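Visitor: Please take one part of this model and go through it closely. I would like the surroundings of that part described as well.

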Amino acid sequence: MAWVTALHVISVIAWMAGLLYLPRLFVYHADAERGSVQSETFKIMERRLYRAIMTPAMIASWVFGLWLAFGYGVVDWSMGWMWLKAALVIALSGAHGFLGRELRAFATDSNTRPQRFFRMINEVPTLLMVGIVIAVIVKPF
């Protein structure tokens, strides 16, 4: 169980790093001129981050988390904190999907959102992560 827990934590850290970094790339990409060398470089960086790091890390987080929950029975589903964590993880996965949609818009030079939007969006994964950590560590209910 210790290995599965370690792999879960490692994959969550990698996933969170990507969720925090990708919107930051979008901030700078939104100000880059379409078709410029800078814009094309951002496209490569964003695609590699999303496909090679974020998505595998998200899948691993889910796999190891579900393995812990159901394979080792470390979760008491009668406790409210676990349902809160589950809802927040689903919301975090939704944020991941939203960023993937924005990545596709940048890839086709069809982004219409300003950099300020991505500065605000960058806070969403942080807030969800804070809620998840509090739910798991404090177990408020």
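Guide: What follows starts with the whole chain and then turns to one helix and its contacts.

This is a predicted model, in which local features need pLDDT of at least 70 and side-chain atom pairs count only at pLDDT 80 or more, while totals for chains, interfaces and linings use all residues. Residues are numbered from 1 along each chain as its sequence is written, and side-chain values use heavy atoms, with hydrogens and water left out.

The chain has five helices and zero strands, where helices (H or I, at least four residues) and strands (E, at least two) are DSSP runs numbered from the N terminus. In sequence order the pattern is α-α-α-α-α. The C-alpha trace spans about 50 × 25 × 15 Å along its principal axes. Of the 141 residues, 40% count as buried; buried means under 20% relative accessible area, exposed over 50%, and partly exposed in between (1.4 Å probe, protein chains only). Contact means heavy atoms within 4.5 Å. Among contacts between residues at least 6 apart in sequence, 79% join residues at least 24 apart.

The part chosen is helix H2, which covers residues 37-71. Two of its residues show what it packs against. Phe-42 lies in helix H2 and is buried, because its relative accessible area is 10%. Beyond its neighbours within four places in sequence, Phe-42 is in contact with Leu-25, Tyr-28, His-29 and Ala-32. The C-alpha atoms of Phe-42 and Phe-106 are 8.9 Å apart, although 64 residues separate the two along the chain.

His-29 views the same contact from the other side. His-29 belongs to helix H1 and has 3% relative accessibility, so it counts as buried. With neighbours up to four places away left aside, His-29 touches Ser-39, Phe-42, Lys-43, Glu-46 and Phe-106.

Leu-49 is also in helix H2. Its relative accessibility is 9%, and therefore Leu-49 counts as buried. Outside the four places on either side in sequence, its contacts are Gly-18, Tyr-21, Leu-22, Leu-25 and Met-54. Leu-25 is thus listed for Leu-49 and for Phe-42. From Leu-49 to Ala-17, 32 residues apart along the chain, the C-alpha separation is 9.8 Å.

Helix H2 also takes part in the largest pocket. This pocket holds about 850 Å³ of space and is lined by 31 residues, of which His-8, Gly-65, Lys-85, Ile-132 and Val-136 lie nearest its centre. Two or more lining residues come from each of helix H1 (2-31), helix H2 (37-71), helix H3 (80-107) and helix H5 (123-137). A pocket here is an open set of points on a 1 Å grid over the protein atoms alone, where a 1.4 Å probe fits, with protein on both sides within 12 Å along at least five of seven lines; lining residues have an atom within 4 Å of a point. The volume is the space filled by probe spheres set on the points, which are joined across faces, edges and corners.

Two residues outside helix H2 have backbone angles to note. Asp-109, in the loop between H3 and helix H4 (115-121), is not a glycine yet has a positive phi of about 55°. Asp-109 is partly exposed, because its relative accessible area is 28%. Lys-139, in the segment after H5, is likewise not a glycine and has a positive phi of about 50°. At 41% relative accessibility, Lys-139 counts as partly exposed.
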